[in-house]
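Visitor: I should like to take a close look at a single part of this protein and then see how that part fits into the whole.

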Amino acid sequence: MKKFMFAVISVCAIVGFLFVEGLHFKITNAIHGDVKVIRTEDMGNSAKAVLFEDNSNHSFGVAKIEKKYGFLYRYDGGSYSFQVLEGKPFQASGIGDPESFLVAVKTADESNIKYIAIGNHMEDIGPTEPYRLSLDEVKLNPSEYHLQEVTDNYALFVFNGPSEDNWTIRGFSEDGKLIADKLFGGEERYVDWE
């Protein structure tokens with residue numbers, strides 16, 4: 001009987017410790033709500049960037065998840081409940097601290113955006129000025145841009161820290177034409193200056 005009581009107390013103590021520490025056995029359980037994981041990226045130091053979608057309202061978000069003790073997960077901050085607004089080409093969500101910055105982008109179904117580029121080499125462009133930029137130009141400046149192909153309307157980026165360039169987002173069509181942007185401090189918008 002003493003062994004049984006010791007086992008019960010030990011299990012209760014372990015479960016209590018996990019609860020108090022916010023630790024979970026699965027990444028999806030570490031994120032609040034009923035979510036499905038869309039994509040993950042390693043961040044180093046046993047952390048993961050997680051792009052997720054809420055199953056109840058199909059909004060999306062991004063979270064930083066810490067891996068503890070080799071097999072447990074703990075939520076370490078995030079942003080959620082974002083949706084692409086009507087008439088907008090995409091919606092971006094991001095979180096960061098001095099060491100890391102995560103950006104998740106969801107494109108509108110009708111936007112025809114095939115690639116997302118984050119970064120900027122055109123410092124003198126104001127938020128309302130027309131400009132020209134192609135996907136080929138982005139590829140010619142790899143030190144200035146992070147480029148990803150959109151998969152199932154999503155892209156996820158992990159950076160070493162926040163900056164204005166990490167919040168400058170552009171969407172390109174399959175043939176490399178600039179379709180939309182969100183310049184630092186501006187709104188998401190379709191662009192058609194040609």
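In which strand is Q91 found, and what surrounds this residue?

Guide: The model is a predicted one. Q91 is found in strand β6, which covers residues 90-97. With a relative accessibility of 11%, Q91 falls under the 20% limit and therefore counts as buried. Leaving aside residues up to four places away in sequence, Q91 touches F60, F82, Q83, V84, L85, A104, V105, K106 and E188.

One of these contacts, V105, leads to the interior of the protein. The largest nonpolar core has 16 residues, and V105 is among those with the most contacts inside it, together with V103, I113, I116, I118, F157 and I169. Strand β6 supplies at least two residues of this core, as does each of β7 (100-107), β8 (115-119), β10 (154-159) and β12 (178-182). Another core, of 12 residues, lies apart from it and includes Y115, Y131, V138 and V191. In soluble globular proteins, nonpolar side chains tend to be buried together.

I118 gives a second view of the largest core. Beyond residues up to four places away in sequence, I118 touches V103, F157 and I169, and also E144, Y145, H146, F159, D165, N166 and T168.

As for the whole, the protein has 3 helices and 13 strands, and 41% of its 194 residues count as buried. Of the contacts with a separation of 6 or more, 54% are between residues 24 or more positions apart. The accessible surface comes to about 11100 Å², with 52% belonging to carbon and sulfur atoms.

Conventions. Residues numbered from 1 in each chain as written. Predicted model: local features only at pLDDT ≥ 70, side-chain atom pairs only at ≥ 80, totals over all residues. Heavy atoms only, no water. Helix = DSSP H or I, 4+ residues; strand = E, 2+ residues; numbered from the N terminus. Buried < 20%, exposed > 50% of the residue type's maximum accessible area, 1.4 Å probe, protein only. Contact = heavy atoms within 4.5 Å. Areas by Shrake-Rupley, 256 points an atom, 1.4 Å probe, with all protein chains shown as cover. Core = buried A, V, L, I, M, F, W, Y, C linked by side-chain atoms within 4.5 Å.
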